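Trainee: I should like to learn how to read a ligand site and a set of paired strands. May we go through an example together?

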Amino acid sequence: MLLIIGNKNYSSWSLRPWIATKVYGMPFDEKRIHLYAPSSKAEILRYSPAGKVPVLHDEGTVVWDSLAILEYLAEREPRLWPRAAAERARARAISAEMHAGFAKLREHMSMNIRKRYPGKGRTPEVLAEIGRISAIWGEAKGPFLFGEFSAADAMYAPVVLRFRTYAVEGPNRRYMDTMLALPAMREWIEAAEREPESIPELDLYE
Ligand SMILES: N[C@@H](CCC(=O)N[C@@H](CS)C(=O)NCC(=O)O)C(=O)O
């Protein structure tokens, strides 16, 4: 499998399938594309008809969109969804909720692993979305949302990193610590810290 991703410091969508493959030791190669440079779009379009990352290539099969990739991976690694049907349905619901929602959080608290912006971005709408995430994480079975690491944790991994950057206190600290201690998460963070490029328009509060 070849997973094409964006900058590790900024690309929240890319982190989702990447961390899922890593946690379950699924072998893959990765190709990183520096986003929002003059040649980026053309390079992404060589791999993805949608012109976005992440995109997965697997022996002629092309899967784009983070949630579709997670579903594809789950066909090989069933532990990516909880075993019990009711829990699986809930895991899919909160994953879809993350995939389609939380627009204000994305806008005002974009993922930026290298930066520290405590207190920034807390508009009333963002605070309401943080409240919703707090409620979802409040029901975590522990140590992950559904016991074992699942695709739902992959979907919420970038939020953990956002809350670290913006020093958001309150939502389930134990869950955040569990996610931050994952070797795969550490590996992604360290790679983001080493990345030479920055995207000034995504460094929101300079
Ligand atoms: N819904 C898509 C969103 C993907 C997305 O927006 N990716 C951004 C990077 S995080 C991207 O490719 N931006 C580059 C561009 O639009 O040129 C998914 O879940 O994969």
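The dialogue below takes up the ligand site and then the strands.

Mentor: This is a predicted model, in which local features need pLDDT of at least 70, side-chain atom pairs count only at pLDDT 80 or more, and totals for chains, interfaces and linings use all residues. Residues are numbered from 1 along each chain as its sequence is written, and side-chain values use heavy atoms, with hydrogens and water left out.

Trainee: Which residues surround the ligand?

Mentor: A residue is near a molecule if one of its heavy atoms lies within 4 Å of it. Here the ligand is surrounded by Ser11, Trp13, Leu35, Tyr36, Lys41, Lys52, Val53, Pro54, Asp65, Ser66 and His99.

Trainee: Which side chains have an N or O atom paired with an atom of the ligand?

Mentor: A polar contact is a pair of N or O atoms within 3.5 Å. An oxygen atom of the ligand lies 2.6 Å from such an atom in the side chain of Ser66, and a polar side-chain atom of Lys52 is 2.8 Å from a ligand oxygen. The side chain of Asp65 has an N or O atom 3.1 Å from a ligand nitrogen.

Trainee: How are strands S3 and S4 joined?

Mentor: Strands are DSSP runs of E with at least two residues, and two of them pair if DSSP finds at least two bridges between them. S3 (residues 55–58) and S4 (residues 61–64) run antiparallel and share four bridges, with His57 opposite Val62. They form a hairpin with two residues between them, and Glu59 in the turn has a positive phi of about 45°.

Terms used:
A polar contact is a pair of N or O atoms within 3.5 Å; within protein, one must be able to donate a hydrogen and the other to accept it, and residues adjacent in sequence count only if both atoms are side-chain atoms.
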